[in-house]
Amino acid sequence: MATSILPPQTADITPEAFPDQLSLARNRRAAIILITLFLATGFFLRVCNLGSESLSEDELNKLQTVEEYRTNGLSGKNGEHPFLMKGLQTVSTTGAEKWNSVSTAPVSTEAALRFPIALFGTFSILLIFLLASSLFGRSIGIIAAGLLAVEPMVIGFDRIAKEDTLVVFFFLLTQLLWVRSQVKAQHGDSGWVWYAWGSGVAFAGLMASKYYPHLLAITGAYYNVFKHVPANRWHMQAKRWLIFFVVMGVTFLILNPTILLPETWREMMKFSSENRIGHDSYEFMGSLYRNQMSAWLAGVPWTFYYVFIAVKTSLPTLVFLLIGIPLAFRKKMGDGRFLLFFWAFMWFLPFTFLGGKFTRYFAFVTPLLCIVAATGAYYSVKWLIGKLRAEDNVRPVLEYAMVAAILAAPLINSAGGSPHFRLFTNTLGGGASSSGSYFPHDEFYDASTEMVVDEIARIAGPGAVVANETPGLFDHYFKQAGRTDLISVSLSDPKAVSKLTAGDVIVAARGRRYFSNTPFLDILSTIQPTAVVDLGGVPAASFYLLDDATAAALRKLANAQS
């Protein structure tokens, strides 16, 4: 272990602390302008047409919980997840209703439900700038913030009403305050411990967003790297740790009051025992796999997230990421690299081998990838400038142009893929022609449901049965379409399929193929669908108005399975 304690990294965030910086980082005003521009751009990309996609089944659960809170007060509904996000969504949807009552530009329920996530995702741009600047200098901080603002993969996560973006925000805030406490301690500031306790408050926010207590190990491991270094002044000691956890606990209860309800604990127990898993598999690259955490290597393949990085990252960012991996962990980067190491270790190790996977879990390490890619980009720019031997008056222009070029590709990808950012697939992955073929469940995420419902509502007869994989979601949109007579049943339920007759409907939504419904979908694959619904030019769902022969074939198969 090195005996020095981050001399540059524990200094204030100033150009003098990191002398070998790009021109855009040495100029404080320029840095502020750039971060402001990134925040504005990132916010626009995250909220533009935010309600253009249908709710997913998961998001509908959040909406129903919000409605429960507003009608009956706090409850344990959807209690397997903490309260904070649902509380924010309650405020957002209530505010949207009041806005809609006086405005001629109404906000949709979908947009209102997702807005808090988009907002916190935007603020994460500022946090990654501050954290990366503290660890590695303002140049890397600026580039990392720019990448987080415009990468389509990141934006896609920030436009769905799930907790992972909140986890990212509070984790970045936790680490920022933790590093600041170290900085203050090393400079003899007696108030450093307040930053440490503030870090505990931030981690309570993370826990009130998603129950991830193991992530505190990243913070603890980083602290322990320096615990026995002679030059270290950053000592928490037992009393300070006790206050840290008390402050964290009290904040957690304030931000997550539903944890005190017995119903919440019952829901958490059901979830942790895997009794809440709604489907038997996950489709990855055209094949089906068990999607359970406890399945380990027998579940979704260990390559899942590595393929995701390869095909969902803008190509220039991917190249700089590969360059940055060996650079970011060099001793030359200072001891701040240990935080990146523990961050990567604590996420990639378990999620590589656990059998249950969704792409949204990857949101937690997107800032890490942006920091590492920014490191590669920074040193690439420095190397290229050196090769060009540019004069001092030309060098700043070249540096600005190169950084702009680095951010241009992901920005163009995001602008071209809006509002369906999750469908973005880079050239390495086959480009637009391969959109939706790698991770269809997460790429489509039920986004076409409302369009499918509108088509079915137009042609289906009175009282028709509609077999699909998200009956509750279809009922929600059937109600909006004024077709409450239509009956939704599960396509994975052989008993329900065994009762289908001519005039009923089956929906084959991409990303909703499972072991349980594949035999029925195989029968449908031999006939022409009644209609195909596209999402941004990509076929997203088909539905079939059954005739006598097809209904009979489905009933025969369903009866054989029952």
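Let's start in helix 12, residues 262-272, where E267 and K270 sit 3 residues apart, about one turn of the helix. Keep in mind as we go that this is a predicted model. The side chains of these two residues meet in a salt bridge, with 3.7 Å from N to O. If you are new to this, the general idea is simple: side chains of opposite charge can pair when their charged atoms come close.

Now, are the two partners buried or exposed? E267 has a relative accessible area of 13%, so it falls under the 20% cut-off and counts as buried. K270, at 41%, counts as partly exposed.

That pair is part of a bigger tally, because a search of the whole structure finds 18 salt bridges. Let me show you two others.

Here is D335, which forms a salt bridge with R337; their closest N and O atoms are 3.4 Å apart. D335 is buried, at 7% relative accessible area, and R337 is buried as well, at 13%.

Next, please find R512 and D446. Their side chains meet in a salt bridge at 2.7 Å, N to O. Where do these residues lie in the chain? R512 is in the loop between strand 5 and helix 22 (518-524), while D446 is in the loop between helix 18 (440-444) and helix 19 (449-459), so the pair ties together parts that are 66 residues apart in sequence. R512 is buried, with 8% relative accessible area, and D446 is buried too, with 10%. There is also a third member to look for: E57, D446 and R512 are linked in a network of salt bridges.

Since R512 follows on from strand 5 in that loop, let's step over to the strand itself. Strand 5 covers residues 505-509, and 4 of its 5 residues are buried, which leaves the strand mostly covered.

Which strands does strand 5 pair with? One partner is strand 3, residues 465-468: the two run parallel and are joined by 2 bridges. You can pick out a bridge there by finding V466, whose partner in strand 5 is V505. Another partner is strand 7, residues 538-545, which pairs with strand 5 in the antiparallel sense over 5 bridges. On that side, look for A508, which stands opposite S542 in strand 7.

One general point to carry with you while you rotate the view: in a regular strand the side chains alternate between the two faces of the sheet.

To wrap up, strand 5 has a parallel pairing with strand 3 and an antiparallel pairing with strand 7, and the loop after strand 5 holds R512, which is linked with E57 and D446 in a salt-bridge network. Thanks for listening!

Technical notes:
Residues are numbered from 1 along each chain as its sequence is written. This is a predicted model: local features need pLDDT of at least 70, side-chain atom pairs count only at pLDDT 80 or more; totals for chains, interfaces and linings use all residues. Side-chain values use heavy atoms; hydrogens and water are left out. Buried means under 20% relative accessible area, exposed over 50%, partly exposed in between (1.4 Å probe, protein chains only). Helices (H or I, at least four residues) and strands (E, at least two) are DSSP runs, numbered from the N terminus. Two strands pair if DSSP finds at least two bridges between them. A salt bridge is a side-chain nitrogen of Lys or Arg within 4 Å of a carboxyl oxygen of Asp or Glu.
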